[in-house]
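Here is a short set of exercises to work through with the coordinates open in your viewer. Try each task yourself before reading its solution.

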Amino acid sequence: MWDLKQYSDNVAIINEAGDKLSYADLQVATEKLAEQISARCLVFCLCTNNVGSLLGYVTFINHNIVPVMLDAQIDSQFFAKLTASYQPDYFWLPSERVADFEDYQVVYSDCDYTLLKTSHTAAYALFSKLALLLTTSGSTGSPKLVRQSYDNIKSNMQAITSYLEIDETERSITTLPMNYTYGLSIINSHLCAGASLILTQQTIVQKNFWQQLKDFNATSFGGVPYTYEMLDRLRFYKLQLPALRTMTQAGGKLLPALHEKIARYAKETGKRFYVMYGQTEATARMSYLPYEQSLDKYGSIGIAIPGGKLSILDEHGDVIESTDMTGELMYEGQNVMLGYAEQGADLNKSDECAGKLLTGDMVKVDEDGYYWVVGRKKRFIKIYGNRLNLDEMEQLLKAQFAPVDIACSGLDDKMYIFICNDELSNVKINTLLEKVKDYTVNKTQLNQSAFYMKAINCIPKNKSGKISYKDLEEYYDA
């Protein structure tokens with residue numbers, strides 16, 4: 001997958017302490033780890049943004065071993081459920097977690113990570129093209145995994161490397177989890193180009209993150225909408241970051257006003273800002289908005305990635321040819337997953353998608369061929385017979401009442417609007433709730449009895465920064 005020898009003298013990894021690991025060093029380390037596993041098998045990789053985690057991932061992909069990428073802080077019950085469903089042969093995990101699995105055999109340790117042999121041995125056959133397994137976005141307990149092939153990964157990382165113009169001089173600093181498809185795509189594309197990765201577990205709200213970004217001359221970083229909302233609050237625009245060249249955004253729709261603000265900042269400071277669109281099911285990216293169009297087309301997800309094709313289908317599955325008509329987005333490309341797995345026996349399934357993916361996103365295309373997401377197909381409810389797009393309503397409210405964090409959810413005839421009450425007094429909260437409700441009623445022209453306002457401590461989000469709508473359900477009748 002990655003020809004580490006090709007870039008042997010290049011710096012592959014910089015850790016938080018500033019220590020550097022060359023591609024040649026990484027090659028040697030992967031060979032040592034691979035020697036400990038005698039045959040193609042399944043490994044649960046508990047991920048953190050550090051050298052040991054990356055070493056495991058690169059080793060497994062490059063040596064025909066199939067990793068399941070999981071958050072190192074994964075819920076113990078969910079982890080037990082996955083283990084029972086898939087019966088992996090090995091765990092690759094932080095050495096500090098070894099004591100939690102005393103029944104398993106310690107095989108090998110390096111870079112503060114340890115390989116454990118489980119009691120399972122080749123429990124399930126693995127399809128020859130299966131390369132990688134990832135949890136579906138926002139998964140909170142489902143054993144469903146996305147099955148990605150070697151061709152999926154290769155196709156997508158080459159496309160990303162091409163349109164982002166990533167070369168050996170790039171240094172990307174981690175801002176996203178390694179087990180999240182967007183974070184993993186950044187790793188894949190930089191390894192493909194012989195570029196450098198700055199691995200840090202610091203977050204953008206921590207001073208040390210920005211110090212590392214400056215000290216190690218990071219040239220790029222990526223983020224989800226929540227990342228950029230936080231950057232806006234932190235007055236990121238005032239920082240002096242001469243080495244920074246590129247910023248990327250994916251993982252959900254950025255508020256148009258914030259998109260415009262960041263695009264303007266990028267243009268004025270000579271940086272590139274790319275908004276991208278993707279899903280785990282497409283091995284990360286399906287479209288991108290060229291940075292040159294970031295101001296003119298702010299709010300758009302752009303055009304198909306190199307080698308990919310976008311089209312819009314109506315409710316009958318026919319292609320919509322005209323502009324400004326809404327339908328479901330379909331993507332075609334070599335990066336479309338093999339399919340899903342819900343149990344171990346599914347790991348031997350072949351390609352079930354044939355390069356086509358119905359995204360579940362409702363979009364339209366303009367006269368220049370740029371695509372715009374309107375909302376999710378399943379994020380609709382009916383209020384007294386009227387179809388209401390929850391994503392569209394959420395975007396409207398966020399734009400109107402920024403910087404207040406707002407989320408919309410609900411059931412038919414009952415829409416919930418959640419507001420983060422952080423740093424707001426009770427008087428201000430009540431006033432804000434009334435204003436939001438009045439605005440919603442005015443916009444929808446629907447009876448106010450359908451709207452339920454809730455002030456909560458914070459809007460629940462997953463590790464990727466996306467709103468966890470499932471967690472909001474506990475507040476429905478509270």
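## Exercise 1: A residue in a strand

Leu134 is found in strand β8. Keep in mind that the model is predicted.

**Task.** Is Leu134 buried or exposed, and which residues is Leu134 in contact with, leaving aside its neighbours within four places in sequence?

**Solution.**
- Step 1: Start with accessibility. The relative accessible area of Leu134 is 1%. The cut-off for buried is under 20%, so Leu134 is buried.
- Step 2: List the contacts. Without the neighbours within four places in sequence, Leu134 is in contact with Met69, Leu145, Val146, Gln148, Asn179, Thr181, Leu184 and Thr280.
- Step 3: Check one of these partners along the chain. Asn179 is 45 residues apart from Leu134, and their C-alpha atoms are separated by 7.1 Å.

## Exercise 2: The open sheet

**Task.** Give the order of the strands in the open sheet of 8 strands, and work out which strands stand at the edges.

**Solution.**
- Step 1: Trace the neighbours. The order is β6-β7-β5-β3-β4-β8-β9-β19, and the pairing is mixed.
- Step 2: Find the strands with a single partner. These are β6 (105–110) and β19 (339–341), so each has one side left without a neighbour in the sheet.
- Step 3: Add the geometry. From one strand to the next, the twist averages 25°.
- Step 4: Look at one edge in detail. Strand β9 (residues 145–149) pairs with β19 in the antiparallel sense over 3 bridges, and Val146 stands opposite Tyr340 in β19.
- Step 5: Place a helix. Helix α3 (residues 76–86) lies across β3, β4, β5, β8, β9 and β19, and runs at about 165° to β3.

## Exercise 3: Two helices that pack

**Task.** At what angle do α1 and α2 pack, and how many residues of each class does their contact have?

**Solution.**
- Step 1: Take the axes. Helix α1 (residues 23–34) and helix α2 (residues 51–62) pack at about 70°, with axes 9 Å apart.
- Step 2: Classify the angle. Angles from 65 to 115 degrees count as roughly perpendicular, so α1 is roughly perpendicular to α2.
- Step 3: Name the residues. From α1 come Leu26, Ala29, Thr30, Leu33 and Ala34, and from α2 come Leu55, Gly56, Val58, Thr59 and Phe60.
- Step 4: Sort them by class. The contact has 7 nonpolar residues, 3 polar ones and no charged ones.

## Exercise 4: Salt bridges across the sequence

**Task.** How many salt bridges does the structure hold, and which parts does the pair of Glu170 and Arg245 tie together?

**Solution.**
- Step 1: Begin with the total, which is 14 salt bridges.
- Step 2: Inspect Glu170 and Arg245, whose closest N and O atoms are 3.0 Å apart. Glu170 lies in the loop between α4 and β10, and Arg245 in the loop between α7 and β13, so the pair ties together parts 75 residues apart in sequence.
- Step 3: Compare the accessibility of these two. Glu170 is buried at 5%, whereas Arg245 is partly exposed at 34%.
- Step 4: Turn to Lys297 and Asp366, with closest N and O atoms 2.9 Å apart. Lys297 lies in the loop between β15 and β16 and Asp366 in the loop between β20 and β21, so this pair ties together parts 69 residues apart in sequence. Lys297 is buried at 10%, and Asp366 counts as buried at 9%.
- Step 5: Finish with a network of salt bridges, which links Arg147, Asp346, Lys349 and Glu352.

## Exercise 5: Strand β22 and its surroundings

**Task.** Which side chains of β22 point to the buried face, and which residue is the bridge partner of Phe380 in β23?

**Solution.**
- Step 1: Recall the general pattern. In a regular strand, side chains alternate between the two faces of the sheet.
- Step 2: Apply it to β22. Ile381 and Ile383 point to one face and are buried, while Phe380 and Lys382 point to the other and are not buried.
- Step 3: Find the pairing. β22 and strand β23 (residues 386–389) are antiparallel over 4 bridges, and the partner of Phe380 is Asn389.
- Step 4: Look just before the strand. Arg379 lies in the loop between β21 and β22, and its side chain meets that of Glu394 in a salt bridge (3.4 Å, N to O). Both Arg379 and Glu394 are buried.

How values were computed
Residues numbered from 1 in each chain as written. Predicted model: local features only at pLDDT ≥ 70, side-chain atom pairs only at ≥ 80, totals over all residues. Heavy atoms only, no water. Pairing = 2+ DSSP bridges. Helix = DSSP H or I, 4+ residues; strand = E, 2+ residues; numbered from the N terminus. Axes fitted to C-alpha atoms, helices over the stretch in contact; angles between N-to-C directions. Contact = heavy atoms within 4.5 Å. Parallel < 35°, antiparallel > 145°, perpendicular 65-115°, else oblique. Nonpolar A, V, L, I, M, F, W, Y, C, P; charged D, E, K, R; others polar. Salt bridge = Lys/Arg side-chain N within 4 Å of Asp/Glu carboxyl O. Buried < 20%, exposed > 50% of the residue type's maximum accessible area, 1.4 Å probe, protein only.
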